[in-house]
Amino acid sequence: MGNVLTKFTYGMYVVGVKAGDVRNGMAASWAAQVSFEPKRAMVAVKKTRFTHSLLDSAGAFTISVLRRDQADILERFKGEKEVTETTIGGVPVIAAENGAPALADCLGYIELEKVHAFDAGDHTLFVGEVTRMKTISEGGPLTSSDLDGHFYGG
């Protein structure tokens with residue numbers, strides 16, 4: 001018998017954050033809308049990830065939604081990566097209005113102001129209020145079921 005948790009289906013995202021002069025993006029699968037009014041979403045981030053420390057100190061972040069044809073991007077947002085003004089891991093990014101990086105090419109992204117951080121074991125749930133949303137392209141979203149188990153984590 002396998003682990004049923006690996007059968008859950010998740011969207012695939014890139015979380016962008018800027019804390020001071022430090023910017024970063026990380027691949028994430030545990031993100032979801034959590035409220036209609038006010039509009040809020042959350043992302044779960046493992047406490048040992050570099051982006052976790054940035055989210056702890058930052059007031060804002062982005063969640064970019066990947067298209068089904070962007071599975072190759074995920075590997076560029078794991079571990080250490082080169083960060084420039086216009087790229088993270090060689091992937092083009094833009095500065096969202098809240099200052100955090102967002103993917104220049106994806107289905108779209110949301111900008112969030114952090115309102116809560118909840119301990120969830122080895123992860124923290126960062127909840128943000130949506131301040132802006134932008135659609136960039138059309139297509140189907142990339143999900144964990146598209147990856148044949150090659151990505152598991154948050």
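Start with the sheet: in this predicted model, seven strands make an open sheet in the order β2-β1-β5-β9-β10-β4-β3, with antiparallel pairing. Colour the strands in that order and you can walk across from one to the next.

Now pick out the two edges. Select 22–28 for β2 and 31–35 for β3; each of these edge strands pairs on one side only. Turn the view a little as you go: on average, neighbouring strands of this sheet are turned by 35° against each other, direction ignored.

Next, zoom in on one pair. Select residues 40–46, strand β4, together with residues 123–135, strand β10: the two run antiparallel, and 7 bridges join them. Which residue of β10 does Met42 stand opposite? Click on Val127 and you have found Met42's partner across the way.

Time for a helix. Select residues 50–57 to bring up α1, which lies across β1, β2, β4, β5, β9 and β10. Compare α1 with β2 while you're there: the helix runs at about 120° to that strand.

Now look inside. Show the side chains of Val15, Val43, Leu55, Phe61, Ile63 and Leu112: these have the most contacts inside the largest nonpolar core, which has 19 residues. Which elements give two or more residues to this core? They are β1, β2, β4, α1, β5, β9 and β10. The largest share, 4 residues, comes from β1, so select 13–19 to see that strand.

One last stop: select Ala27, Leu66, Leu74 and Leu103. They are among the 14 residues of another core, which lies apart from the largest one. As a general rule, nonpolar side chains in soluble globular proteins tend to be buried together.

Key: Residues are numbered from 1 along each chain as its sequence is written. This is a predicted model: local features need pLDDT of at least 70, side-chain atom pairs count only at pLDDT 80 or more; totals for chains, interfaces and linings use all residues. Side-chain values use heavy atoms; hydrogens and water are left out. Two strands pair if DSSP finds at least two bridges between them. Axes are lines fitted to C-alpha atoms, for helices over the stretch in contact, and angles run from 0 to 180 degrees between N-to-C directions. Contact means heavy atoms within 4.5 Å. A nonpolar core is a set of buried Ala, Val, Leu, Ile, Met, Phe, Trp, Tyr and Cys residues joined through side-chain atoms within 4.5 Å. Buried means under 20% relative accessible area, exposed over 50%, partly exposed in between (1.4 Å probe, protein chains only).
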